[in-house]
Structures are given as structure tokens and as C-alpha cells.
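Subject: Structure handover

Hello,

Here is the structure for you to look through. Please open it alongside this email.

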Amino acid sequence: MRPEGAYEVLARSQELEAKGHHIVHLEIGEPDFNAPANVSLAGIRAIANEQTRYVPPAGVTKLREAIAEASGKKRGISIDPRQVLVSPGAKPAMLFPILTLVEPGDEVVYPNPGFPAYEAILLIAGGVPRPVPLLESRAFSFDLNAFDKLVNDRTRIIILNSPSNPTGGVIPLEDLQHIAEAARRYDCWVMSDEIYTQLVFDGKSAPSIASLPGMAERTIIVDGFSKTYAMTGWRLGYGIMPEALADRVRLFFTHAFGCTAQASQIAAIEALTGPQDHIGMMVEQYERRREVVVDGLNKLPGVHCLKPQGAFYAFPNIQGTGKTSQEIANLFLDYGVAVLPGNAFGKYGEGYVRLSYATSIPNIQKALERMDKALRSIS
Ligand SMILES: Cc1ncc(COP(=O)(O)O)c(C=O)c1O
């Protein structure tokens, strides 16, 4: 396994800060908002009330019910609470279903550039990696010709992520239909990482493959509270899958981590059942920042950037600079801006860098000025 690029760059930039350098952090994918106050208070109250005990491995019933209700409504499908497994962050909701389903030699299809955990996890399970390139010319959706060649009757799981980390792309419905058709033809599973599904811009929404005919029974939806409710450190995620699979995965949960923190789960119930207006507020802020980032990046020499449709990442193409992703990331860091090289997300990310714009507009403007100076120093 390789380390995750975001943590590596964070460590390097913190070293520079310790030496007195000022760094604008655009490397970590973490909302800069606080969790809504009612949610934090529910968690604090739970701790004060000693709701800090072991609870069932699959999650507390009330939370599973609230997730089934909210997730079903959002995706237009019916979800039984028994299909929901609550986990400490979304990552275990990927790891354990993959360990349950993938036997050594099974093939796993996944996006590249993509969230690094997918490849790491499938390799742990002994799976064979089948990365599908995302194409800038298709607004960072799958290269469907490559997909058609990579998926076959040895494919066990197709992993999707929409909106995407690192590109901000949203998979259009027609592509989901194409992918669903292949999943049905080859009788394979789909793991749909929808952790950014509430962070979609321009009044649009990201369709879920689970809503398509015949797909709920072969789809594992991965979602969580880290991004939508700015609760990264509460470690709260979940998987939604057919009940028979959930029954198997629950055993992994039992023996791997026991359960998810009770107080976090109580805060999560409040997050789902309390007011939702902060989501619209965050989306509006991200939209404003997206304008500043994309306009600024498109003015930099050798850089062009598509407008992301969701999440809070921009994925500018830096090929016009004549440098590699790593060289550009190093150069920007020398000038006080931490970004991630696109190849930290897989080989097809070469030629790009990833910026997280989950930070203030003044910070973004400072970063753009510094990046401009950095690129002018080499042109
Ligand atoms: C696409 C994607 N999936 C999953 C996660 C993990 O979320 P969590 O912090 O809830 O484990 C992240 C976090 O950055 C992500 O970007």
C-alpha cells in the first residue's frame, strides 16, 4: 500500500510552517465549516448522559431508521433499516463489503483518477485492479470504450464515485444506465460512493445508480456525515446494501471494530432529523468559491480548468506548463500553496493537480496570486 497523498503533503507543508513559512492549505478534503450547532450539542448531551457505551455493531436502531428514511427519499427507492450498517467513517463501509465479496483473482473496476482507498482496499482483498480512465473531454466521466473493454464476467465489483473526488465530476444518468446494463449483464456488484451527493451545484442533483431498474439488489451505497454535515472527526459513515450482504458484513464490523461511537450516532440522528438548511448554505458558499477558483485558474499560464459540478475540488489541467503534476505541486508548495499532484489519485491523474476549495475566498485569492507568481517564474 502507498500512503495517501493528502496526508503526505499535509506533513510536508506543516514542516515548512514549523520553519516559519506561510502556507495556504488546498490539499485536504475537509469542509472548513463547523458541524451544525444542534448536532454538536446533541453529541455533547449524549456524552454528559453517559451514552458512551457499546451499541450494536450495525448501529443504533433509530439512526439506521433515520438513514433508511432519508437515503431512500433522496434516491427515490425504498430502503429497509436492516440494509443499513453504520460505521466509523465511510471508509469501513467500503473496506468490509469489498473484503466480503472479493476473492483473490476477482477483478474490480474503479475510476482513475479516483479516491486512493479504492485501489488500496481491493489490493488488500487480493482483487485485480482494473482502473477506468476518467476523461476531461467527458467532464471527467468514464471513458466508456475503456470501461466496455475492462468489464467482463470476472468483474466482481464496479466502483463509482459521483460527485467525484478528485475531479468534482458528476456521472450523468446515461452513463449510469450504460454501467448498470453492464453490471446486470455480467452479474456483478456496484459500489457507489455517494459521500458528496448533497454537494451538487447549479440546482442539479447527482443521480444514484441504485435507483435504476434491477440495481438496488446489486448496489452498495456508501455515504456518511463527514462532508454533508462537516463531521469528519466524529467518524460517521454508512453502507446501504441488500440485507443478505449486510448480514455478512455486520460480522466483519463485529470482529473488526465492535461498533461506532454511541455519542456520534446520537449526534447523527439529530443531523438527519433536525433542520437541513446548513446544507444549502454550504453549497452556496462552495459555488461562490468555485467561481473564484475556476476563473483564477483559467488565467494562470499553461493551466485550464473545467467547472466542477459537485464536491469541493477543482482539478485543473497543467499540461501546458510542460511540467509533471509532482513538479507543479512542489513548485506551488515552494511558493506557499499546498495542492495534490493528480497522480496521487492514479496514473491517469498525471497532468493535473487537485485543489480543495473548502477554504475562504481570501485564502483562495492569496493562493491564486502565489500560483501565478510560481508559474511566471518558470515561463
Ligand atoms: C470519495 C470519498 N469517499 C470516502 C471518503 C471517506 O470519508 P470518511 O471520512 O467518512 O471515512 C472521502 C474522504 O475524503 C472521499 O473523498
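Below is what was found in it, sheets before cavities and backbone oddities.

This is a predicted model: local features need pLDDT of at least 70, side-chain atom pairs count only at pLDDT 80 or more, and totals for chains, interfaces and linings use all residues. Residues are numbered from 1 along each chain as its sequence is written, and side-chain values use heavy atoms, with hydrogens and water left out.

**The sheets**

Helices (DSSP H or I, at least four residues) and strands (DSSP E, at least two) are numbered from the N terminus. Two strands count as paired if DSSP finds at least two bridges between them.

One open sheet has 8 strands. Their order is E2-E9-E8-E7-E6-E3-E4-E5, and the pairing is mixed. Strand E2 (84-87) and strand E5 (141-142) are the edges. Each has a single partner strand, so one side of each has no neighbour in the sheet.

At the E2 edge, 4 bridges join E2 to strand E9 (residues 237-240). That pair runs antiparallel. Ser87 sits opposite Gly237 in E9.

Strand E3 (residues 107-112) is mostly covered, with 6 of its 6 residues buried (under 20% relative accessible area; exposed is over 50%, partly exposed is in between; 1.4 Å probe, protein chains only). Glu107, Val109 and Pro111 point one way from E3. Val108, Tyr110 and Asn112 point the other way. E3 pairs in the parallel sense with strand E4 (residues 128-135), over 6 bridges. Val109 stands opposite Arg130 in E4.

Two helices lie across this sheet. Contact here means heavy atoms within 4.5 Å. Axes are lines fitted to C-alpha atoms, for helices over the stretch in contact, and angles run from 0 to 180 degrees between N-to-C directions. Helix H7 (residues 173-185) crosses E5, strand E6 (155-161) and strand E7 (189-193), at about 165° to E6. Helix H8 (residues 243-256) crosses E2, E7 and strand E8 (219-224), at about 20° to E2.

An open sheet of 3 strands has the order E10-E13-E12, with antiparallel pairing. Strand E10 (313-314) and strand E12 (340-341) are its edges. Each has a single partner strand, so one side of each is left without a neighbour in the sheet. E12 and E13 pair over 2 bridges. Leu340 stands opposite Arg354 in E13.

**The cavities**

A cavity is a set of points, on a 1 Å grid over the protein atoms alone, where a 1.4 Å probe fits but cannot get out; lining residues have an atom within 4 Å of a point. Grid points are joined across faces, edges and corners, and a volume is the space filled by probe spheres set on the points.

How many cavities of 30 Å³ or more does the structure hold? There are 4. The largest cavity has about 110 Å³ of space. Of its 16 lining residues, the closest to its centre are Leu134, Phe140, Asn161, Ser164 and Ile171. E5 and E6 each supply at least two lining residues. The lining has 9 nonpolar, 7 polar and no charged residues (nonpolar: Ala, Val, Leu, Ile, Met, Phe, Trp, Tyr, Cys and Pro; charged: Asp, Glu, Lys and Arg; polar: the others, Gly among them).

The second largest cavity has a volume of about 50 Å³. Strand E13 (353-356) and helix H12 (361-378) each give two or more residues to its lining. H12 gives the largest share, 4 residues. By class, the lining has 8 nonpolar, 1 polar and no charged residues.

**Backbone points to check**

Most residues other than glycine have a negative phi, and most peptide bonds are trans. These go the other way:

- The peptide bond from Asn112 to Pro113 is cis, with omega near 5°. Pro113 is in the loop between E3 and helix H5 (116-124).
- Asn165 and Pro166 are joined by a cis peptide bond, with omega about 20°. Pro166 is in the loop between E6 and H7.
- Ala139 has a positive phi, near 55°. This residue lies in the loop between E4 and E5 and is partly exposed, at 33% relative accessible area.
- Phe140 has a positive phi of about 65°. Phe140 is in the loop between E4 and E5 and is buried, at 7%.

Best wishes

Methods:
1 Å grid on protein atoms, 1.4 Å probe; cavity = no way out; pocket = protein on both sides within 12 Å on 5 of 7 lines; lining within 4 Å.
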